[in-house]
Amino acid sequence: MEVASTGTLKNKTRFLDSFRRNIILRRVLSNRLAVTGCMLLSVIFLMAIFAPLIATQPPLQMKVTDRLKAPSAEHWFGTDEFGRDVYSRVLYGSRISIAVGFSVVVISSVFGLVLGLYSAYYRHLDNLIMRVVDGLMAFPAVLLAIAIMAALGPKIENVIISISVVYIPTVARTVRSAALVVREQTYIEAIRALGGRSWRIIWRHIAPNCMSPLIIQATFIFAYAVIIEASLSFLGAGTPPPQPSWGNILSDGRTLIKQAWWIMVFPGIAIVMTVLGLNLIGDGLRDLLDPHTNKAKS
Amino acid sequence: MAKYILKRILYLLPVLAVVAVVDFVIIHLTPGDPAAVILGSDATDMDLAKLREQLGLNLPIYIQFGRWLWGVLHGDLGWSIFMDMSVSTAIWEHLGPTVSLTLLAEVIAIVVALPLGVVAAANRGTWIDQSFMTLALLGISIPSFWIGLNFILLFAVQLNWLPAAGYQPLSNGLVNHLKYLIMPAVSLGIMQGALIARMTRSSLLEVLNENYIRTAEAKGLSRFVIIFKHALRNAFIPILTVIGLTFAVLIGGAVVTETVFNIPGIGKLIVTSVMRRDYAVIQGAILMTAVAYVLINLVIDLMYVLIDPRVRLSK
């Protein structure tokens, strides 16, 4: 008897879940801009995943006789000063950008979430954490990342660390302001009155209600991380050559801009596609998840 | 009002303290012996010991911090071994181009973005709104240094209208100054402008939803008067805030833009110093940009008082 009833209850919630998911899916699909964003980003993700299959030659392979060739049937995006194929290098570059962006999102979200939740819940921690956050946010993002790179040395892991440090405060602030609203709700007071433990209140009841702003923020952080990685590599303080990243291909392109425009044009288009895709998705998610801006827009 | 201003200034002290600590700590994250990094692998033990002594590396870290902070508070940011001059002198010599570049970029951004945002909000939902906002979205998605590279390709390499790179100080004539600065300033200003345009639009839309705007409409005021006299003033605080906050984006963008256009500013100074591991300069220059950012936002917070009497009257 009991087993059966929980069974139907489970079925019912499953039905409701799929129903809700359908509504969300339909609303995402009805947002044309978000769909465009997803398509742009899918292209980049497919490039990154299938790079070894669709590259026309290894990204590091040099051929002296093929130096600085303009785009052609053989070299779709032309070649660089060492005769390396720019198309293949841009493909492999997408792996760096996506790996860096994704790692930064995960690391900064985890640390930012913990800091934001605890500073919203424990008011005496709040002052301390938020002053440090304010201090860190006073550094322009690119500069803070450059300074950390200068100290740690140009390595891809360090690129991830430095950009994560830049965005942990941003996430912490977003989560904190969402959590401050949630913690004043009556149901939190009720749980506390019932003797709910703090960590349980924080993780089980407050954290899930801070997810929408966190997810929106994470999308934009992915976009910023791609731009900052490209900037660092462009300046020579990011992904070390010869490993191709969009930024360091652009840096080669800058010095050869008079002879070979194609080296700087194609990686730039790839960056714009990625960042535009992410911004479109972020705007779409915000319209969807944040009722406040919804009202202002409609 | 005096209380508000005093409160804002007092609030800065802990932030500046954190800025100083973070700036110091980052540079001391360097793994290994900084003296060995500076002198290279073929340095003798004697030289290493001497440099360590000179840089105070043998002292406990908190004493090093205390000494450094004491110096900073007295205007001494340290000594650059590579340039053989004080860090403050180096920053001072590179300050002009960066100030010119960021100011021009900010002015271009505001002059273009405010009207775009207002027009988009006033024509909400029409094709004008949609095309302006698509432009703004593109603006925040294209890295400024890539726009700069495209400008060089188009206006310098192909059309030969403008110099590809370099810098002329204002003392060599305004036209000359602007000829070198216009491409970097526009490419830097685009992202800034796009952010301001988006904020202007959404902030104005929010205000246009208020009841008092409906009252103004009901009593028959023209759309022009409603927007410019009643709505824009109230929409201005978020716009101003975004201008202040995105100043960090502007300074960060300037670092890369200066490298693209070979402008001898603070950004170029920092990048060169990173390449030769001139930690004193990196530390000093980054500290100064963070302090500048904090002070600019203080000025903006104080401007609220001028724009919005409610800030003046509260508390």
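This section describes the fold of chain A, the contacts between chains A and B, and two helices of chain B. The model is predicted, and the values given below were computed from its atoms.

Chain A is built from 13 helices and contains 0 strands, so that its order along the sequence reads α-α-α-α-α-α-α-α-α-α-α-α-α. Of the 298 residues in chain A, 47% are buried. Among the contacts in chain A with a separation of 6 or more, 69% are made by residues 24 or more positions apart.

Between the two chains, 39 residues of chain A are in contact with 43 residues of chain B. On the side of chain A that touches chain B, at least two residues each are supplied by α5 (123-137), α6 (141-152), α10 (211-235), α11 (246-255), α12 (262-289) and α13 (291-297) of chain A. Within this side of chain A, the largest share comes from α6(A), which provides 9 residues. In terms of residue character, the side of chain A that touches chain B comprises 28 nonpolar, 6 polar and 5 charged residues.

In chain B, helix α10 (residues 223-245) consists of 23 residues, and the distance from its first C-alpha to its last is 31 Å, which is close to the 33 Å expected at 1.5 Å a residue. The course of α10(B) is nevertheless interrupted by a kink of about 55°, centred on Leu232(B). The residues Ile227(B), Ala231(B), Ala235(B), Ile239(B) and Ile243(B) of this helix are buried, and the packing partners of the buried residues of α10(B) are α5 (87-122), α8 (174-208), α9 (211-218) and α13 (279-307) of chain B.

Helix α11 (residues 247-261) of chain B has 15 residues and, because a rise of 1.5 Å a residue applies, should span 21 Å; the C-alpha atoms at its ends lie 20 Å apart, in agreement with that expectation. A bend of about 25° is found in α11(B) at Ala254(B), whereas the kink in α10(B), centred on Leu232(B), is about 55°. Helix α11(B) is mostly covered, with 13 of its 15 residues buried. The residue that follows α11(B) is Asn262(B), which has a positive phi, near 55°.

Methods. Residues are numbered from 1 along each chain as its sequence is written. Chains are lettered from A and ligands numbered from 1 in the order in which they are written. This is a predicted model: local features need pLDDT of at least 70, side-chain atom pairs count only at pLDDT 80 or more; totals for chains, interfaces and linings use all residues. Two residues are in contact if their C-beta atoms, placed from the backbone, lie within 7 Å. Helices (H or I, at least four residues) and strands (E, at least two) are DSSP runs, numbered from the N terminus. Ala, Val, Leu, Ile, Met, Phe, Trp, Tyr, Cys and Pro count as nonpolar, Asp, Glu, Lys and Arg as charged, and the others, Gly among them, as polar. A residue is buried if 20 or more other C-beta atoms lie within 10 Å of its own, exposed if 12 or fewer, and partly exposed in between; C-beta atoms are placed from the backbone. The expected span of a helix is 1.5 Å times one less than its number of residues. The bend at a residue is the angle between axes fitted to the seven residues ending there and the seven starting there.
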